[in-house]
Amino acid sequence: MISKGKLILVPSVIAQETQHKVIPLQVKNELKDVQHFLAENIRTARRFLSSLEIYESIEPLDFKILNKETRREELPDLFQPIFNGQNIGVLSESGCPGVADPGALAVNYAQEHEITIVPLVGPSSILLALMSSGLNGQQFAFRGYLPIEPKDREKAIREFEKESLQKNQTQIFIETPYRNFALFSSLLKNLKANTKLCVAVDLTGQNESIRTMNVREWQAKSIDLPKLPAIFLFHAG
């Protein structure tokens with residue numbers, strides 16, 4: 001009977017051209033023998049693996065798409081190399097697979113089928129932002145994206161602030177870069193003046209900026225957030 005392969009969770013960069021700074025040697029060593037990959041975007045996955053300079057050529061590598069449109073019934077075919085005894089690497093577009101990422105679908109399937117999962121160390125914008133925010137790192141909740149509609153977004157902010165106060169809990173959000181300022185404006189408009197707010201922009205990148213102030217202090221400044229990946233955190237108190 002053929003032994004199953006493993007599902008390798010491969011961290012990617014969260015800022016361009018930082019692979020040699022933030023991707024550990026362990027990741028490169030683990031990937032040398034991996035020939036099959038599941039990725040959100042094949043083009044960027046190929047470019048990232050090529051940048052690691054661990055393969056003589058990436059042309060022989062096999063890539064399949066795993067994204068938010070992937071259906072559960074497609075997974076047996078995607079996992080065929082593992083059932084044939086070969087490892088599969090899962091690549092996120094940014095950061096760590098399975099965290100706010102479609103890779104969670106593959107990990108869930110692997111757990112159900114008793115497939116060994118190997119999570120590799122790499123950059124996570126969520127944890128890096130929390131670490132550097134000065135906010136409560138003992139109790140926190142990651143909320144992903146807030147609603148796009150302004151009224152729904154403002155309602156969610158007020159509800160999460162109330163929960164933050166009741167549970168002594170840091171609330172963490174992400175947003176697409178072109179909506180950074182809209183979310184930031186909503187936070188300043190709807191949070192109480194003494195709530196602490198952290199904005200972490202372009203983590204690990206050349207334009208990295210991490211700042212925590214209470215809402216009153218943010219309101220006193222003229223802020224123009226760049227259209228770069230950002231994490232927003234707040235803690236009511």
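**Exercise 1. Ser-133 and its surroundings**

Which backbone atom of Leu-135 lies 3.0 Å from a polar atom of the side chain of Ser-133? Use the predicted model. Then place Ser-133 in its element and list its contacts.

*Solution.*

Step 1. The atom is the backbone nitrogen of Leu-135, 3.0 Å from a polar atom of the Ser-133 side chain.

Step 2. Look for a second backbone partner. The backbone oxygen of Leu-130 lies 2.9 Å from a polar atom of the Ser-133 side chain.

Step 3. Place the residue. Ser-133 belongs to helix H7, which spans residues 125-133.

Step 4. Classify its exposure. The relative accessible area of Ser-133 is 5%. The cut-off for buried is under 20%, so Ser-133 is buried.

Step 5. List its contacts. Leaving out residues up to four places away in sequence, Ser-133 touches Cys-198, Thr-212 and Leu-233.

**Exercise 2. The mixed sheet**

What is the strand order of the open sheet with mixed pairing? Find its edges, then the helices that lie across E10.

*Solution.*

Step 1. The 5 strands run in the order E6-E7-E10-E8-E9.

Step 2. Find the edges. Strand E6 (140-142) and strand E9 (209-214) each have a single partner strand, so one side of each lacks a neighbour in the sheet.

Step 3. Check the twist. On average, neighbouring strands of this sheet are turned by 15° against each other, direction ignored.

Step 4. Take one pairing. Strand E8 (residues 196-201) and strand E10 (residues 230-235) run antiparallel and are joined by 6 bridges. Ala-200 has Ile-231 in E10 as its bridge partner.

Step 5. Add the helices. H7 lies across E6, E7, E8, E9 and E10, at about 45° to E10. Helix H8 (residues 150-167) lies across E7 and E10, at about 50° to E10.

**Exercise 3. The parallel sheet**

Which strands stand at the edges of the open sheet with the order E3-E2-E4-E1-E5? Describe the pairing of E2 with E3 and the helices packed on the sheet.

*Solution.*

Step 1. This open sheet has 5 strands with parallel pairing. E3 and strand E5 (117-119) are the edges: each has a single partner strand, so one side of each is left without a neighbour in the sheet.

Step 2. Check the twist. Neighbouring strands here are turned by 25° against each other on average, direction ignored.

Step 3. Zoom in on one edge. E2 and E3 pair in the parallel sense over 4 bridges. In this pairing Phe-37 stands opposite Phe-63 in E3.

Step 4. Pack the helices. H3 touches E1, E2, E3 and strand E4 (88-91), and its direction makes about 145° with that of E3. H6 touches E1, E2, E4 and E5, and its direction makes about 155° with that of E1.

**Exercise 4. Aromatic pairs**

How many aromatic pairs are there? Classify Phe-37 with Phe-63, and Phe-79 with Tyr-109.

*Solution.*

Step 1. The count is 6 aromatic pairs.

Step 2. Take Phe-37 and Phe-63. Their ring centres are 5.6 Å apart and their planes stand at 20°. Planes under 30 degrees apart count as stacked, so this pair is stacked.

Step 3. Locate this pair. Phe-37 lies in strand E2 (residues 36-39) and Phe-63 in strand E3 (residues 62-65), so the pair ties together parts 26 residues apart in sequence. Both Phe-37 and Phe-63 are buried.

Step 4. Take Phe-79 and Tyr-109. Their centres are 4.7 Å apart and their planes stand at 55°, so the pair is tilted.

Step 5. Locate this pair too. Phe-79 sits in the loop between helix H4 (75-78) and helix H5 (80-83), and Tyr-109 in helix H6 (residues 103-112), 30 residues apart. Phe-79 is buried at 0% relative accessible area, and Tyr-109 is buried at 7%.

Step 6. Look for a cluster. Ring pairs link Phe-160, Phe-173 and Phe-234.

**Exercise 5. The nonpolar cores**

Which residues touch the most other members of the largest nonpolar core? Trace the elements that supply it.

*Solution.*

Step 1. The core has 22 residues, and Leu-31, Phe-37, Phe-48, Leu-49, Tyr-55 and Leu-91 touch the most other members.

Step 2. Assign the elements. Strand E1 (7-10), helix H2 (25-31), E2 and helix H3 (42-51) each supply at least two residues. H3 gives the largest share, 3 residues.

Step 3. Follow one member. Beyond residues up to four places away in sequence, Leu-49 touches Leu-31, Phe-37, Tyr-55, Ile-58, Leu-61, Phe-63 and Leu-91.

Step 4. Find the other core. Apart from the largest core lies another of 20 residues, among them Leu-146, Val-199, Met-213 and Phe-234.

Conventions. Residues numbered from 1 in each chain as written. Predicted model: local features only at pLDDT ≥ 70, side-chain atom pairs only at ≥ 80, totals over all residues. Heavy atoms only, no water. Pairing = 2+ DSSP bridges. Axes fitted to C-alpha atoms, helices over the stretch in contact; angles between N-to-C directions. Contact = heavy atoms within 4.5 Å. Buried < 20%, exposed > 50% of the residue type's maximum accessible area, 1.4 Å probe, protein only. Polar contact = N/O pair within 3.5 Å; in protein donor to acceptor, adjacent residues only side chain to side chain. Phe/Tyr/Trp six-rings, centres within 6.5 Å; stacked < 30°, edge-to-face > 60°. Core = buried A, V, L, I, M, F, W, Y, C linked by side-chain atoms within 4.5 Å.
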